[in-house]
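Me: I should like to learn how to read the features of a protein model. May we work through one together, beginning with a pair of charged side chains?

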Amino acid sequence: KGEHATYAIRYSGYGDVRIVEQWYKMNKASNYQQWKSAMEMQALPMFNAGYADKDGNIYYVYNAKLPKRKEGFNWQKVLPGDNSSLIWNEYLDFSDLPQVMNPEAGFIQNCNSSPFHTTLGKENPLDEKYHENLGIERHLTNRAIRSLELFGGDDSISDEEFIKYKYDTQYSKESNMVKYINRLKKISSEIDSDYIDEALELMADWDLSVSLDSHEATLPILTFGLFLEIEPEEITDDQIISSFTEATSYLFEHYGRIDVMWGRINRLVRGETSLGLSGAPDVPHAIYGLPTDKGYLRGYAGDAYLMIIDWDQDGNVNSRSIHQFGSYQNHDSPHFSDQSQMFVQKELKQIWFDLKSIQQNLEKKYRPIKDFVDEKIKDISK
C-alpha cells in the first residue's frame, strides 16, 4: 500500500520540476502561439488560465492535469487503497481540455465555476464530452452568473463599464443567496428566535445589492456567507438555523439590532487603518471577512491585487492596478497602507512602462549592490 501511495504522488504532477520553466515561457511569450506552446507543457497541474493580446485575441483554458480514472467507482468518495487498478498514469491531452478561443460574444469569464459557461452560446465547451470522473465543476458561482448577465447583456462595453462590472456588488436572482433565503423562509416556523419575523421582513425588502449603506444586506450575508459556494442541497436545515442564530446574536450583542449598516460590519483593516467597504462573498467585487470580537468582519480574502490591461488601436498597452494594502510589510513604510483608501473607493493607479514615464514618477533611485557595498565600507571606516 505504501508503494501505491508513492506511485500516486509521483504521477500527481506536483513533482514536475518543469513548472518553473513553464512559468518562465508563459511570461516571456510575445504572441498567442508562444504562450499556448508553454501551456501545452502541462507542467503546471492546475489553475485556469486566460490570455489576451494587442491583436484582439482572447482565450480561456480549463488548465489541469485531469487523470483518466477507471469507471465504475465514485471518485468523490474514499476508494480502496489496495486496488492497483485504481492507480492512474494517463492524463487528458491539453487539446482535449475545455477551452474557448475568440468567441462571438466577445468575452470570456472565469469565476471558479463551470468551464461550460465561459461565454455565451454554442462556443462553450460541451458538458456531455466530459465524464464526471474527471472532476470538472458543473456549478455556477454568483460571480460567474453576474459576469454572464453583465458582459453578456451589453453589446458594446466601454472602459468605464468594464470597470463598473468588475466592481459589481449584486447577487443574481439565480444565485445561491436567493435559494438560501427561500430555504430560511420555508423553515422559519421551526426557528425559535425573537428576530425571525424582523429578519424575514429585512430579507424581503433587500434588493440583493451590497452597498456600504445597505441595512438589509448584513444579516443574510452573516447567515449564509460561508455557504454561498456550496450547493444548498448539501446544507442541512439545522446548519442554516444555527448560522442564523449565531448571526442575529452577534449583531444584537454588538449593536442591539439586526439591521446594521453593512459598511460598519465589512471592514478593511491594516494596522491602525480601518475602513468600511462594499463587496461581499461571491459577488464580482468579492470580499470575505471573519468576525472579530469587536463587532466587525475583518477582510481576509477576495479581491486583492487587481490589474486592468488594455491596448489602443495602435497596439500600445496601458495598465492600471490597485492593491488592498500597499507593497510593504514594514509598518514604518509610507506604503504600508497607502493604497487602502483607493481600494475602498474603487480607484486604480497608473502603471508606468516606458523609461521616461518611470523617471518622471520615480520615488527613489538606487543600485542595490553598490549601495550595499558603499554602506559596508562606511561601517568599516568607522
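Reply: Certainly. Please keep in mind that this is a predicted model. The general idea comes first: side chains of opposite charge can pair when their charged atoms come close. In this structure, Glu 229 and Arg 143 form a salt bridge through their side chains, at 3.4 Å from N to O. This pair connects distant parts of the chain, 86 residues apart: Arg 143 belongs to helix H4 (residues 142-152), while Glu 229 sits in the loop between helix H8 (218-224) and helix H9 (237-255).

Me: Which of the words "buried" and "partly exposed" applies to Glu 229, and which to Arg 143?

Reply: The term buried is used under 20% relative accessible area, and exposed over 50%. Arg 143 has a relative accessibility of 11% and therefore counts as buried. Glu 229, with 37%, is partly exposed.

Me: How many salt bridges does the structure hold?

Reply: There are 11 salt bridges in the structure. One of them joins the side chains of Arg 146 and Glu 149, with 2.8 Å from N to O. These two residues are three apart in helix H4, so about one helical turn separates them. Arg 146 is buried at 13% relative accessible area, whereas Glu 149 is partly exposed at 35%.

Me: Where do Asp 310 and Arg 320 lie, and what does their pair tie together?

Reply: Asp 310 and Arg 320 form a salt bridge in which the closest N and O atoms are 3.0 Å apart. Asp 310 is in strand E8 and Arg 320 in strand E9 (residues 317-322), so the pair ties together parts that are 10 residues apart in sequence. Asp 310 counts as partly exposed, with 23% relative accessibility, and Arg 320 counts as buried, with 14%. Salt bridges may also share partners: in this way Arg 143, Glu 229 and Asp 282 are joined into one network.

Me: I should now like to read a helix. Which residues of helix H2 are buried?

Reply: Helix H2 covers residues 19-28, and its buried residues are Ile 19, Gln 22 and Met 26. Viewed down the axis of H2, these buried residues fall within an arc of 60°, so they line one face of the helix. They pack against helix H3 (32-39).

Me: Which exposed residues does the face of H2 turned away from the buried side carry?

Reply: That face carries Val 20, Tyr 24, Asn 27 and Lys 28, which are exposed. To read a helix in this manner, one asks which residues are buried and then where they fall around the axis.

Me: How should I read the two faces of a strand?

Reply: In a regular strand the side chains alternate between the two faces of the sheet. Strand E4 (residues 266-270) has five of its five residues buried, so the rest of the structure largely encloses this strand. Both of its faces are covered: Asn 266, Leu 268 and Arg 270 are buried on one side, and Arg 267 and Val 269 on the other.

Me: In which sense does E4 pair with strand E7, and in which with strand E5?

Reply: With E7 (residues 297-302), E4 pairs in the parallel sense over two bridges. Arg 267 has Arg 298 as its bridge partner in E7. With E5 (residues 273-276), the pairing of E4 is antiparallel, over four bridges. Here Arg 270 is opposite Thr 273 of E5. The hairpin of E4 and E5 has two residues between the strands, and Gly 271 adopts a positive phi near 60° there.

Me: Let us turn to the surface. Which residues make the nonpolar patch?

Reply: Tyr 305, Met 307, Ile 309, Trp 311, Val 317 and Phe 353 form a nonpolar surface patch of about 570 Å². Strand E8 (residues 306-311) gives the largest share, three residues. Phe 353 is placed in the loop between strand E10 (349-350) and helix H12 (355-360).

Me: Finally, what does the protein chain as a whole comprise?

Reply: Its secondary structure amounts to 13 helices and 10 strands. The chain has 382 residues, of which 43% are buried. Its C-alpha trace spans about 70 × 65 × 55 Å along the principal axes. The accessible surface of the chain is about 22600 Å², and carbon and sulfur atoms account for 49% of this surface.

Key:
Residues are numbered from 1 along each chain as its sequence is written. This is a predicted model: local features need pLDDT of at least 70, side-chain atom pairs count only at pLDDT 80 or more; totals for chains, interfaces and linings use all residues. Side-chain values use heavy atoms; hydrogens and water are left out. Buried means under 20% relative accessible area, exposed over 50%, partly exposed in between (1.4 Å probe, protein chains only). The arc is that of the directions from the helix axis to the C-beta atoms. Contact means heavy atoms within 4.5 Å. Two strands pair if DSSP finds at least two bridges between them. Patches are made of residues with over 30% relative accessible area and no salt bridge: like charges are joined within 9 Å, nonpolar side chains (Val, Leu, Ile, Met, Phe, Trp, Tyr) within 5 Å. Accessible areas come from the Shrake-Rupley method with a 1.4 Å probe; for residues, only the protein chains shown count as cover. A salt bridge is a side-chain nitrogen of Lys or Arg within 4 Å of a carboxyl oxygen of Asp or Glu.
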